[in-house]
Amino acid sequence: MRDGAGVPAAVFFDLDDTIFDHALTCRDALGALRRERSLFQRRSLDELATEYSRLLEAVHPEVLAGRWDADDARRVRFERLAAFCGSTLSRAGATDLSQQYRRHYQSRRRLVPGARRLLEQLHGRTIIGIVTNNESAEQREKLAYLGVTHLVDHLVVSEEVGVGKPDPRIFETALGRAGVSAKETVMVGDSWANDVVGAREAGIGAVWFNRFAADPPEALAVPEIRSFRSPRSTEAVLFREASRPRGRSA
Ligand SMILES: [Mg+2]
């Protein structure tokens with residue numbers, strides 16, 4: 001504990017769906033597209049959002065592995081989303097649709113409610129790191145667009161490190177950049193496998209950001225936070241977890 005008041009040396013955050021509100025940005029963008037393109041009106045917005053989220057999960061590993069670039073992945077998602085609505089699109093048609101979606105998405109990006117206040121409250125008292133699986137340019141631009149770059153001390157992106165969460169090496173890189181040890185650090189993120197299990201495997205305390213009140217996928221005693229709307233109580237959960245005695249894979 002760096003300042004003796006229970007403040008950990010570092011707090012690491014995931015970015016997508018922890019600081020950046022990908023889920024609601026995505027839903028808004030799909031809603032806008034649905035109003036403009038009748039093929040999507042064959043499905044409800046809930047159905048589209050659920051299927052799109054599933055497609056994102058299905059396609060993302062291909063991008064991380066370097067088999068597809070981001071544009072390929074976007075086109076394939078829209079070919080499959082159109083198929084889900086009973087339509088077959090040409091490559092050009094799917095590309096056009098993905099670009100239309102992308103414009104809506106980019107202009108609707110917002111922070112998870114309470115995230116800015118939490119970052120502002122922690123800034124200067126502890127080292128703030130973001131550990132994220134994605135492309136560097138995209139994540140840097142996203143932080144700038146959201147106006148929080150100045151609140152983040154270290155942005156550690158899988159593309160730069162060469163491995164992604166849950167590989168312990170990305171957490172070790174983040175610890176090295178911050179100049180802190182695992183036992184004085186806490187990680188918070190929405191992904192059970194990447195953020196919770198990954199951090200713990202690296203010896204870092206973990207808090208699950210369980211915004212949509214999902215059931216924990218395994219029986220593991222992990223503190224959880226359902227919203228950042230109260231930065232004081234969020235901070236209390238993070239600091240308590242950071243100070244909990246633990247071994248390398250507690
Ligand atoms: Mg996430």
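This passage describes a six-stranded sheet, a buried loop residue and an enclosed helix in a predicted model. Local features are reported at pLDDT of at least 70 and side-chain atom pairs at pLDDT 80 or more, while totals for chains, interfaces and linings use all residues. Residues are numbered from 1 along each chain as its sequence is written.

Six strands form an open sheet in the order β3-β2-β1-β4-β5-β6, with parallel pairing. Strands (E, at least two residues) and helices (H or I, at least four) are DSSP runs numbered from the N terminus; pairing requires at least two DSSP bridges between two strands. The edges are β3 (154–157) and β6 (224–225), each pairing on one side only. Four bridges join β2 and β3. One pairing partner of Gly129 is specified: His154 in β3 is its bridge partner. Helix α6 packs on the sheet and touches β2 and β3. Its direction makes about 145° with that of β3 (axes are lines fitted to C-alpha atoms, for helices over the stretch in contact; angles run from 0 to 180 degrees between N-to-C directions).

Asn133 lies in the loop between β2 (127–132) and α6 (136–146). Asn133 is buried, with 26 other C-beta atoms within 10 Å (buried: 20 or more such atoms, placed from the backbone; exposed: 12 or fewer; partly exposed: in between). Beyond neighbours within four places in sequence, Asn133 contacts Leu64, Ser158, Gly164, Lys165 and Asn194 (contact: C-beta atoms, placed from the backbone, within 7 Å).

Asn194 belongs to the buried residues of α9. Seven of the 10 residues of α9 (192–201) are buried, so the helix is largely enclosed by the rest of the structure. Its cover includes α8 (168–178), β4 (185–189) and β5 (205–209). Gly203 follows α9 with a positive phi, near 85°.

Key
Two residues are in contact if their C-beta atoms, placed from the backbone, lie within 7 Å.
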